[in-house]
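User: I have a structure to read and don't know where to begin. Can you take me through it feature by feature?

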Amino acid sequence: MSNEYYKIRPQIAKAWYKKGKASSDAMEKFIELWISFNALYCKMGDLGKLKEYQQIKAFVNEQGEEKYRSTLEVTDLFNERIIKNLHPIGSQPKDTTPEWKTLNSQTESDIKKLQDLFVCIYRARCNLFHGDKLPDDYNDLLIASESAKVLEHYLTIYFNAEEH
C-alpha cells in the first residue's frame with residue numbers, strides 16, 4: 001500500500017464516524033463507528049507484526065489518557081456485566097476476566113483501563129462479525145448500543161482534537 005493510502009485513512013474514518021453518529025439503529029451504529037475506529041488504529045505496516053487487539057492497545061496508548069479519560073465514564077455496563085458474558089460461541093471462547101478485573105481495579109492506570117475497554121469492544125465486534133450476535137436479541141442490542149456509546153464518545157474527542 002502506498003503512503004497516499006495512509007493519508008486518506010483519517011478521511012475514511014471521519015466519513016464512517018459521521019455516518020455512525022447519524023444512525024439510529026444500534027447494530028448499524030456500532031458497525032459504522034467500529035469501521036471508523038478501525039480505520040484509525042489499523043496500521044497496515046503493523047499487520048503480521050501485531051495482532052489486531054495489540055494494534056488497538058498501541059493506538060489507545062499512542063493517543064494517551066488525558067483527553068480520553070472521560071470515555072471510562074460513558075457506561076458501567078462493561079464493568080458490571082458484558083465483560084463477564086462476552087464469550088464467542090465455538091470451541092475457543094475468549095476469557096475477558098483480565099479486562100474485567102482491570103476495569104474494576106482501583107490501582108490500574110486509566111490508559112490500561114482504556115486499552116482493556118477497547119479490547120472488550122473488539123471482542124463484541126468479533127462476536128458480531130463472526131455471526132454470534134442476533135440483530136433483535138435484547139442482550140446483543142445492549143452490547144451494541146453500549147459499545148457504540150463508547151466509540152462515539154472517544155471518536156468525538158478524537159475528531160474535535162484533530163480540528164483544532
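User: Let's start with polar contacts. Which residue's side chain is joined to that of Glu-146 by a polar contact?

Analyst: First, the idea. A polar contact is a pair of N or O atoms within 3.5 Å; within protein, one must be able to donate a hydrogen and the other to accept it, and residues adjacent in sequence count only if both atoms are side-chain atoms. Here, the partner of Glu-146 is Thr-75, at 2.4 Å. One caution: this is a predicted model, in which local features need pLDDT of at least 70, side-chain atom pairs count only at pLDDT 80 or more, and totals for chains, interfaces and linings use all residues. Residues are numbered from 1 along each chain as its sequence is written, and side-chain values use heavy atoms, leaving out hydrogens and water.

User: Where are Glu-146 and Thr-75 found?

Analyst: Glu-146 belongs to helix α7, residues 138-163. Thr-75 sits in the loop between α3 and α4 (77-85). Helices (H or I, at least four residues) and strands (E, at least two) are DSSP runs, numbered from the N terminus. Along the chain, Thr-75 and Glu-146 are 71 residues apart, yet 6.8 Å separates their C-alpha atoms.

User: Is Glu-146 buried or exposed?

Analyst: Use the cut-offs. Buried means under 20% relative accessible area, exposed over 50%, partly exposed in between (1.4 Å probe, protein chains only). Glu-146 has 8%, so it is buried. Thr-75 is buried too, at 9%.

User: What else is Thr-75 in contact with, leaving aside neighbours within four places in sequence?

Analyst: Contact means heavy atoms within 4.5 Å. By that test, Thr-75 is in contact with Val-150 as well as Glu-146.

User: Now helices. How far apart are the end C-alpha atoms of α3?

Analyst: Begin with the expected span: 1.5 Å times one less than the number of residues. Helix α3 runs over residues 52-63 and has 12 residues, so 16 Å is expected. The end C-alpha atoms are 17 Å apart, which agrees.

User: Which residues of α3 are buried?

Analyst: There are Gln-55, Ile-56, Phe-59, Val-60 and Gln-63. They cover an arc of only 130° around the axis, so they lie on the same side of α3. The arc is that of the directions from the helix axis to the C-beta atoms. The general idea: an α-helix has 3.6 residues a turn, so residues three or four places apart point the same way.

User: What covers the buried residues of α3?

Analyst: The cover includes α2 (26-41), α6 (110-129) and α7. Look just past the helix as well. Gly-64 comes right after α3 and takes a positive phi of about 85°.

User: Next, salt bridges. How many does the structure hold?

Analyst: A salt bridge is a side-chain nitrogen of Lys or Arg within 4 Å of a carboxyl oxygen of Asp or Glu. The structure holds 10. One of them joins Lys-19 and Glu-32, at 3.8 Å from N to O. Lys-19 lies in helix α1 (residues 3-22) and Glu-32 in α2, so this pair ties together parts 13 residues apart in sequence. Lys-19 is partly exposed at 46%, whereas Glu-32 is buried at 9%.

User: What does Glu-52 form a salt bridge with?

Analyst: The partner is Arg-125, with the closest N and O atoms 4.0 Å apart. Glu-52 is in α3 and Arg-125 in α6, so the bridge ties together parts 73 residues apart in sequence. Glu-52 is partly exposed at 26%; Arg-125 is buried at 10%.

Then take Lys-57 and Asp-116. Their closest N and O atoms are 3.6 Å apart, in another salt bridge. Lys-57 lies in α3 and Asp-116 in α6, so parts 59 residues apart in sequence are tied together. Asp-116 is buried, at 2%.

User: Which residues are linked in a network of salt bridges?

Analyst: Glu-65, Glu-66, Arg-69 and Asp-110.

User: Last one. How many disulfides does the structure hold?

Analyst: The idea first: a disulfide is a covalent bond between the sulfur atoms of two cysteines. The test is a pair of cysteine sulfur atoms within 2.5 Å. The count here is 0. Check the accessibility of two cysteines: Cys-42 is buried at 12%, and Cys-120 is buried at 0%.
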